[in-house]
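This report describes how two protein chains and two DNA strands are arranged in one model. The sequence and structure are shown first.

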Number of protein chains: 2
Amino acid sequence: MKNLIAGINKSFENRIRLGIMSILMVNDWVDFGELKETLGVTDGNLASHITALEKEKYIQVRKAFIGKKPNTSFQATSEGKQAFQAHLNALEALIKGM
Amino acid sequence: MKNLIAGINKSFENRIRLGIMSILMVNDWVDFGELKETLGVTDGNLASHITALEKEKYIQVRKAFIGKKPNTSFQATSEGKQAFQAHLNALEALIKGM
DNA sequence: ATATTTAACTTTGCAATACAAAGTAATTTG
DNA sequence: CAAATTACTTTGTATTGCAAAGTTAAATAT
């Protein structure tokens, strides 16, 4: 029984960030509005969590226009997917016992 | 894709609390020292997380003497096990996608 | 019999985090 | 021109997390 929580990634501890990454693991280019609605958070709160994940280079941003409306969408980077998968593995190892 | 993170239990978001509960899911009456060593945390920090879980009635405490040394050990309550299992289920649902 | 050690905290103090709410900017639609 | 929409940013506050130091009580070493 050693180093049990070492693999847990601080960046993914928060449930909103956990939610964002989960969504982006299986969906490409999900936009701000959809994330916001899916997670049920305020836009300011979502924006700050997104910024945090961006800083770690776990997600990347694309700004575009859909029709005439501005649209910001997000994708997990391969680094992000890798790190998140590692986090999930650590979680699983933790749960399944030592 | 709805209510994705609703089942995530705030009490288990923190990795130390996650670690404590994981250990107590499969081990009965684990003592302070072992938790501390296994998780690699300071005693003050561990104590505070334990207090938090205790307040939620997710774990219970037993104070005893082993030989002549005082010994405090912990067990997950059935409420705690249930709540933690629900948390894990929520995590799994989240990860496996909607 | 003092002094030190050990276990398990508690307190202190500070830095980081989380979040809502309000404010902002650049369109676009009424 | 006014109101709405998108996507933020800023502000302010409350909570959390954590290390380090202090505390208590009993145990052991000198």
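Just after helix 4 of chain B, Gly97(B) adopts a positive phi of about 90°. Here helices (H or I, at least four residues) and strands (E, at least two) are DSSP runs, numbered from the N terminus. This is a predicted model, in which local features need pLDDT of at least 70 and side-chain atom pairs count only at pLDDT 80 or more, while totals for chains, interfaces and linings use all residues. Residues are numbered from 1 along each chain as its sequence is written, chains are lettered from A and ligands numbered from 1 in the order in which they are written, and side-chain values use heavy atoms, with hydrogens and water left out.

**Helix 4 of chain B**

Helix 4 (residues 78–95) of chain B contains 18 residues, and the distance from its first C-alpha to its last is 25 Å, close to the 26 Å expected at 1.5 Å a residue. That expected span is 1.5 Å times one less than the number of residues. Its buried residues are Gly80(B), Ala83(B), Phe84(B), His87(B), Leu88(B), Ala90(B), Leu91(B) and Leu94(B). They lie on the same side of helix 4 of chain B because they cover an arc of only 160° around the axis, the arc being that of the directions from the helix axis to the C-beta atoms. On the other side of this helix, Ser78(B) and Gln82(B) are exposed. Buried means under 20% relative accessible area, exposed over 50%, and partly exposed in between (1.4 Å probe, protein chains only). The buried residues of helix 4 of chain B pack against helix 1 (15–26) and helix 4 (78–95) of chain A, together with helix 1 (15–26) of chain B; contact means heavy atoms within 4.5 Å.

**Relation of the two chains**

Chain B is superposed on chain A by a rotation of 180° with 0.0 Å of shift along its axis (RMSD 0.0 Å). That is the relation of a two-fold axis. Copies are superposed by least squares on the C-alpha atoms of residues with pLDDT of at least 70 in both. Of the residues of chain B, Glu13(B) comes closest to the rotation axis, at 3.1 Å (C-alpha). The same surface serves both copies, as 100% of the contact residues of chain B recur in chain A. Leaving aside neighbours within four places in sequence, Asn14(A) is in contact with Glu13(B) and with His49(A).

**DNA strands**

A residue is near a strand if one of its heavy atoms lies within 4 Å of it. Of the 18 residues around DNA strand C, those that come nearest are Arg17(A), Thr42(A), Asp43(B), Lys63(B) and Thr72(B). Around DNA strand D there are 17 residues, of which Asp43(A), Lys63(A), Thr72(A), Arg17(B) and Thr42(B) come nearest. Sugar or phosphate accounts for 82% of the atoms of DNA strand C within 4 Å of the protein, and for 81% in the case of DNA strand D. Strand 3 of chain B gives the most to the surface near DNA strand C, with 4 residues.

The table lists polar contacts (pairs of N or O atoms within 3.5 Å).

| Residue and its atom | DNA atom | Distance |
|---|---|---|
| Thr42(A), side-chain N or O | strand C, phosphate oxygen | 2.9 Å |
| Asp43(B), polar side-chain atom | strand C, base nitrogen | 2.8 Å |
| Thr72(B), polar backbone atom | strand C, phosphate oxygen | 2.7 Å |
| Thr42(B), side-chain N or O | strand D, phosphate oxygen | 3.0 Å |
| His49(B), polar side-chain atom | strand D, phosphate oxygen | 3.2 Å |

Notes: Polar contact = N/O pair within 3.5 Å; in protein donor to acceptor, adjacent residues only side chain to side chain.
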